[in-house]
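User: I would like a close look at a single part of this model, followed outward into whatever surrounds it. Please take your time and keep the reasoning explicit.

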Amino acid sequence: MKLTVAHTPDPDDAFMFYAMITGKIKTSMEYEQIIKDIETLNHEAETGMYDVTAISANAYADVNETYALTRSGASFGLTYGPLVVGKSEVDFKKAIIGSPGLGTSSHLLFRMFVEKDADLRPMRFDLIPDSIVKGDIQAGIIIHDEQLTFQNKGLIKLAAIYDKWKAYAGDLPVPLGFNAIRKSLGKDVIANYIKDFENSIKYAQQHVEEAATYAMKYARYKDLELETKFIQMYVNDLSVDFGEKGRKALKMYYERAFKMGLLPEFNMEIV
């Protein structure tokens, strides 16, 4: 049996899938890999296009009847999360703010914790810093590698969303990116996939340089040390199985979104 597995080119995703895609471990099934940016995958998940797909916590609300979240492969910020940056201080109620996409977790987190009614302009996430520098927007929400490089462009941090999340949720990690699997595949196939994926993540964690070097083929920056640092920020103790801690964090994330009227209520399913 072959499953289609869609994930982003971000180095943490490529790192986790490395072993199962390249045959470094024995798997119970074959896997066909598809690489697309997260906002594209968020939209394509609405059609159930792939057996397994990367998805933002925000976008999962739209596909919860088709997909279940997997306990493996999630990105949680343990002490960090999306940043809001600019050239100088701005009034978030009046500024034009770049967003990585309407379906991204960072977009929803900004609305939940920074400014619900801000003028948020969706754009490709890696273009946000340069758009600020050029003056096309006054501030932007940055994710992925740009969190490690924005200061090189003369930008400053205006808000750390994790700090606002911590004031709300305490020491629980902030939910960001996830993987979801089609429920129609059935329990046995899902269980086999989870086992393969967990083993793939464990292999990468035990062979960091090898897996990170592979992930560089998809990376935007050709700096192995930088990309390894980014990978180790988001591939952490919760990546193999986010457990009860991850479930509690997701529950608090969705409860706030429901209460603020930012997402329709739904029943979350985790496998």
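What covers the buried residues of α7?

Analyst: The model is a predicted one, and the description below should be read in that light. The cover over the buried residues of α7 includes β1 (2-7), α1, β2, β3 (52-56), β11 (174-182) and α8.

The helix itself comes before its surroundings. Helix α7 comprises the 20 residues 187-206, and because a rise of 1.5 Å a residue predicts a span of 28 Å, the 29 Å between its end C-alpha atoms agrees with expectation. The buried residues in α7 are V189, I190, Y193, I194, D196, F197, E198, S200, I201, Y203 and A204. An α-helix has 3.6 residues a turn, so residues three or four places apart point the same way. Among the buried positions, D196 and E198 are listed alongside residues such as V189, I190 and F197.

One of these buried residues, E198, leads away from the helix through its charge. Side chains of opposite charge can pair when their charged atoms come close. E198 belongs to a network of salt bridges that links it with R71 and D241. Within that network, the side chains of R71 and D241 meet with an N to O distance of 3.7 Å. Since R71 lies in the loop between β4 (67-69) and β5 (75-77), while D241 lies in the loop between α9 (224-234) and α10 (243-259), this pair ties together parts that are 170 residues apart in sequence. Whereas E198 is buried, R71 is partly exposed, with a relative accessible area of 27%, and D241 is also partly exposed, at 36%.

Of the elements that cover α7, β3 deserves a closer description. Five of the five residues of β3 are buried, so the strand is largely enclosed by the rest of the structure. This burial involves both faces of the strand, with V52, A54 and S56 on one side and T53 and I55 on the other. Two further covering elements, β1 and β11, pair with β3 as strands. β1 runs parallel to β3 and is joined to it by two bridges, and in this pairing A6 has T53 as its bridge partner. β11, by contrast, runs antiparallel to β3 and is joined to it by five bridges, with S56 of β3 partnered by G177 of β11.

The cover of α7 also includes α8 and α1, and a salt bridge can be followed from this side of the surroundings. The side chains of E210 and K24 meet in a salt bridge, 3.7 Å from N to O. E210 lies in helix α8 (residues 208-215) and K24 in the loop between α1 (11-22) and β2 (30-35), so the pair ties together parts that are 186 residues apart in sequence. E210 counts as partly exposed at 29% relative accessibility, and K24 is likewise partly exposed, with a relative accessible area of 42%. In the model as a whole the count comes to 11 salt bridges. Another of them joins R121 to D119, whose closest N and O atoms are 2.8 Å apart; R121 is partly exposed at 38% relative accessibility, and D119 is partly exposed at 33%.

For context beyond the helix, there is also an open sheet of five strands in the order β8-β7-β9-β6-β10, with mixed pairing. Its edges are β8 (119-122) and β10 (156-160), each of which has a single partner strand, so one side of each is left without a neighbour in the sheet. From one strand to the next the twist averages 30°. Strand β6 (residues 83-86) runs antiparallel to β10 and is joined to it by four bridges, one of the pairings being G86 with I156. Helix α6 (residues 161-169) packs on this sheet, touching β6 and β10, and its direction makes about 20° with that of β10.

One annotated position can be placed alongside this sheet. UniProt, in an unreviewed entry, assigns the feature "active site" to H144. H144 sits in the loop between β9 (139-142) and α5 (146-149), and at 16% relative accessibility it counts as buried.

Terms used. Residues are numbered from 1 along each chain as its sequence is written. This is a predicted model: local features need pLDDT of at least 70, side-chain atom pairs count only at pLDDT 80 or more; totals for chains, interfaces and linings use all residues. Side-chain values use heavy atoms; hydrogens and water are left out. UniProt positions are given in the numbering used here, feature names are shortened, and annotations may be inferred rather than shown by experiment. Buried means under 20% relative accessible area, exposed over 50%, partly exposed in between (1.4 Å probe, protein chains only). A salt bridge is a side-chain nitrogen of Lys or Arg within 4 Å of a carboxyl oxygen of Asp or Glu. The expected span of a helix is 1.5 Å times one less than its number of residues. Contact means heavy atoms within 4.5 Å. Two strands pair if DSSP finds at least two bridges between them. Axes are lines fitted to C-alpha atoms, for helices over the stretch in contact, and angles run from 0 to 180 degrees between N-to-C directions.
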